[in-house]
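Subject: the structure for you to look at

Hi,

Here is the structure I said I would pass on. Have a look at it first, then read my notes below with the model open beside you.

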Amino acid sequence: MNHMKKMMPAVWGAVMAIAMTACGSSAGEPAQSSVTQADREELTAVWKAASEKTGALTSVALSTSMDLYVRSGKENFESSVNTEILLDEAGQEDMTCLWNTDASLNEELSVETVTFYTGGYYYLDLPDRRIKCVLSPEQMEEQFENMISVWKLNPDCVSEISIKEESDSRIITFVGEPEQIEEYLRRSMEYSKSPMADWDMKVVKNQGEVMVNSQGYMKSQILNVELALGMNGSQTSLFMNMKLVYRWPGEPVPVELPSTDGYTEVDTESLLNAVSG
């Protein structure tokens, strides 16, 4: 019990760090085929091209979700972070961006945050106050790209790969090299200033899926990982499900923003300090 009580604040801190970082129908059953080593480059090229094409969009609607399940002996706890993001005219003077984040712990504790960008200002709606700071469209676009890069996997990390063909999309399923998945997760945790970045970490197993539509855009990326985590000489099992979904990629995305009234202007450093706690 004491071990789990020590674990819960640390994992919840990791969840909140990530949360505050500003991730068609088919006719019948799709046929699945394994690919040979010789086909690997061609298949990963499809993945890379879809990632690059989708990443170049200046108007996007996407959602990210991360579910964590921690098991230590007979004790369990779970948390989730769900984010909805709308972006239009990325990098331009009239750039607008909105993302809503909902983080929960054991269905008992829930925190919602609203962040948006418009008119050269970055707005952050915290539970206890509302603040804003000046940020150029280029700076905001960089912040957005950095955040999304945390969620994107490098196709070169795979050890096994196969494909399903559907009428309007291709589904790439894969198993990642454990060492590279560990590096990916640790890099993501370091970016979000998660305390878990310094823990002993070992990938027990993992599997994922990437969906590419008929226009060559990425529709979704899913990664499921089982980790063995070590902290203070104790080991805990953690199950992590991460999902990135692009809605109607390639189409215009209208962004309806909240009112900008009632926000106190601060400098960028003060805002970042507020975000990090």
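One definition before we start: a residue is called buried when its relative accessible area is under 20%, exposed when it is over 50%, and partly exposed in between. Take Trp 248 as a trial run: its relative accessibility is 38%, so it counts as partly exposed. Please keep in mind that this is a predicted model.

**Two odd backbone angles**

While you have Trp 248 on screen, check where it sits: in the loop between β12 (234-247) and β13 (264-265). Its phi is near 35 degrees, which is a positive value in a residue other than glycine. Why point that out? Most residues other than glycine have a negative phi.

Glu 89 is another one to look up, with a positive phi near 55 degrees, and again the residue is not a glycine. Glu 89 belongs to the loop between β3 (75-88) and β4 (96-105). With a relative accessible area of 32%, Glu 89 is partly exposed.

**Helix α2 and its two sides**

Next, go to helix α2, which covers residues 40-55. The helix has 16 residues and runs 22 Å from its first C-alpha to its last, close to the 22 Å expected at 1.5 Å a residue.

Which residues of α2 are buried? They are Arg 40, Leu 43, Thr 44, Trp 47, Ala 50, Ser 51 and Thr 54. These residues cover an arc of only 115 degrees around the axis, so they lie on the same side of α2. The spacing makes sense if you remember a rule about helices: an α-helix has 3.6 residues a turn, so residues three or four places apart point the same way.

Now turn the helix around. The face away from the buried side carries Glu 41, Glu 42 and Glu 52, which are exposed.

**Strands β8 and β9**

From there, move on to β8 (residues 158-165) and β9 (residues 169-176). How do these two strands run relative to each other, parallel or antiparallel? They are antiparallel, and seven bridges join them. A hairpin of three residues connects β8 to β9. If you want one bridge to find by eye, Ile 163 has Ile 172 in β9 as its partner.

Ile 172 deserves a longer stop. This residue of β9 has a relative accessible area of 0%, so it is buried. Leaving out residues up to four places away in sequence, Ile 172 touches Leu 43, Val 46, Trp 47, Ile 161, Ser 162, Gly 208, Glu 209 and Val 210. You can also try a distance: the C-alpha atoms of Ile 172 and Gln 221 are 9.4 Å apart, although 49 residues separate them along the chain.

**Aromatic rings**

How many aromatic pairs does a search of the whole structure find? Six. One of them is Trp 47 with Phe 174, a tilted pair with 5.0 Å from centre to centre and 40 degrees between the planes. Trp 47 is in helix α2 and Phe 174 is in strand β9, so this pair ties together parts that are 127 residues apart in sequence. Trp 47 has 1% relative accessibility and so counts as buried, and Phe 174, at 3%, counts as buried too.

Another pair is Tyr 121 with Tyr 123: the ring centres are 6.1 Å apart and the planes are at 45 degrees, so this pair is tilted. Tyr 121 is partly exposed, at 21%, whereas Tyr 123 is buried, at 5%. Both tyrosines belong to one aromatic cluster, together with Phe 116 and Tyr 263.

**A glycine in a loop, and the cysteines**

Gly 216 is in the loop between β10 (200-213) and β11 (218-231). Apart from neighbours within four places in sequence, Gly 216 contacts Ala 49, Ala 50 and Lys 53. You met Ala 50 above as one of the buried residues of α2. The C-alpha atoms of Gly 216 and Gly 250 are 9.9 Å apart, and the two glycines are 34 residues apart along the chain.

Finally, the cysteines. The search of the whole structure turned up zero disulfides. Cys 133 is buried, at 2% relative accessibility, and Cys 157 is buried, at 3%.

Have fun with it!

Definitions and conventions. Residues numbered from 1 in each chain as written. Predicted model: local features only at pLDDT ≥ 70, side-chain atom pairs only at ≥ 80, totals over all residues. Heavy atoms only, no water. Disulfide = S-S within 2.5 Å. Buried < 20%, exposed > 50% of the residue type's maximum accessible area, 1.4 Å probe, protein only. Helix = DSSP H or I, 4+ residues; strand = E, 2+ residues; numbered from the N terminus. Contact = heavy atoms within 4.5 Å. Pairing = 2+ DSSP bridges. Expected span 1.5 Å × (residues − 1). Arc of directions from axis to C-beta. Phe/Tyr/Trp six-rings, centres within 6.5 Å; stacked < 30°, edge-to-face > 60°.
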